[in-house]
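Please open the structure in your viewer and keep the selection tool at hand. This tour moves from stop to stop, saying what to select and what is to be found there.

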Amino acid sequence: MDAELAELLDGIGPRLRTLRRDRGLTLEALSKDSGISVSTLSRLESGRRRPTLDLLIPLARTHRVALDQLVTAPATGDPRVHLKPRSRERGSVLVPLTQYPGRVQVFKQVLAQREPRLVTHAGYEWLYVLAGRLRLVIGERELTLRPGEVAEFDTSEPHWFGPADAEAVEILHLFGPHGDQAVVRTGPTENG
């Protein structure tokens, strides 16, 4: 085995331990969620057992991270994401702000006027209005959000969002796997 591969494999155990501890999980809890024995997890984390795909794939699923996050160290150097805007329907633009599939995805969107069409899918969405007014339809409810306002909802409920009037609306849009929710909650302000 060459030195570079050995170094890569030696780094996986400490990364697994850090990830588990950062999430407040015990070896027992991780074992229950992943189906991997406590002794195997302990040996992986300590470097006494070499990681295999049979072990890393269930761990990546359990932690809801991309497999490459377990295998390689975080990139160093330039942390910027190189944005590649994608034109959508006429006048709408989607700019991905995150790079890893399978985790919470973040987008900046400019939405032009379009016809409402309710959809459902697995996941959870969080919307933050940057500019303009956003019309949000969730089931039978309809809301209008202004800049600085936030909405979050389970996407298994029929929903649609777009501009509230003829002007485009600019939003930050977070989409995560089912069960992932924004952890920061705000209440009414003292003045509101």
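Begin with the salt bridges of this predicted model: a search through the whole structure finds 7 of them. As background for these stops, side chains that carry opposite charge can pair when their charged atoms come close.

**Stop 1: charged pairs**

Select R50 and D10, whose side chains meet in a salt bridge with 2.8 Å from N to O. This pair links distant parts of the chain, since R50 belongs to the loop between α3 (38–46) and α4 (53–63) while D10 sits in helix α1 (residues 3–22), 40 residues apart. If you colour the model by accessibility, you will find that R50 is partly exposed, at a relative accessible area of 39%, and that D10 is partly exposed as well, at 47%.

Next, select D165 and R133, which form a salt bridge at 3.1 Å, N to O. Here too distant parts of the chain are linked, with D165 in the loop between β8 (159–163) and β9 (169–176) and R133 in the loop between β4 (124–131) and β5 (134–138), 32 residues apart. D165 is partly exposed with a relative accessible area of 31%, and R133, at 30%, also counts as partly exposed.

Now add E157 and R141, another salt bridge, in which the closest N and O atoms are 2.8 Å apart. Because E157 lies in the loop between β7 (150–154) and β8 while R141 is in strand β6 (residues 141–145), this pair ties together parts that are 16 residues apart in sequence. E157 is partly exposed, with a relative accessible area of 32%. Before leaving the charged side chains, select R17, R20 and E45 together, which are linked in a network of salt bridges.

**Stop 2: helix α1**

Select α1 and place a distance label between its end C-alpha atoms, which are 29 Å apart; at 1.5 Å a residue the 20 residues of this helix should span 28 Å, so the two values agree. Which residues of α1 are buried? They are A6, L9, I12, G13, L16, L19 and R20, and these buried residues pack against α2 (27–34), α3, α4 and α5 (67–71). Just after the helix, select G24, which follows α1 and has a positive phi, near 70 degrees.

**Stop 3: two nonpolar cores**

The largest nonpolar core has 15 residues, and within this core L16, L41, L59 and L70 touch the most other members. Each of α1, α2, α3 and α4 supplies at least two residues of this core. Centre the view on L41: if residues up to four places away in sequence are not counted, L41 touches L27, L30, S31, S34, I36 and L59. Apart from the largest core lies another one, made of 12 residues, among them L127, V129, A151 and F153.

**Stop 4: strand β5 and its partners**

Select β5, a mostly covered strand in which 4 of the 5 residues are buried. On one pairing, 5 bridges join β5 to β6, and the two strands run antiparallel; one place to look is V137, whose bridge partner in β6 is E142. The strands β5 and β6 form a hairpin with 2 residues between them, and G139 in the turn has a positive phi of about 60 degrees. On the other pairing, β5 is joined to β8 by 5 bridges, again antiparallel, and the bridge partner of L136 in β8 is F161.

**Stop 5: R117**

Keep F161 in view and select R117, which has its place in the loop between β3 (105–111) and β4. Is R117 buried or exposed? At 60% relative accessibility R117 counts as exposed, because exposed means over 50%. From C-alpha to C-alpha, R117 and F161 are 8.8 Å apart in space, although 44 residues separate them in sequence. Leaving aside neighbours within four places in sequence, R117 is in contact with H159 and W160.

**Last stop: the whole protein**

Finally, zoom out and follow the chain through its 5 helices and 9 strands, which appear along the sequence in the pattern α-α-α-α-α-β-β-β-β-β-β-β-β-β. Buried residues make up 31% of the 192 residues. With the surface switched on, you are looking at an accessible area of about 12300 Å², of which 52% belongs to carbon and sulfur atoms.

Methods. Residues numbered from 1 in each chain as written. Predicted model: local features only at pLDDT ≥ 70, side-chain atom pairs only at ≥ 80, totals over all residues. Heavy atoms only, no water. Salt bridge = Lys/Arg side-chain N within 4 Å of Asp/Glu carboxyl O. Buried < 20%, exposed > 50% of the residue type's maximum accessible area, 1.4 Å probe, protein only. Expected span 1.5 Å × (residues − 1). Contact = heavy atoms within 4.5 Å. Core = buried A, V, L, I, M, F, W, Y, C linked by side-chain atoms within 4.5 Å. Areas by Shrake-Rupley, 256 points an atom, 1.4 Å probe, with all protein chains shown as cover. Pairing = 2+ DSSP bridges.
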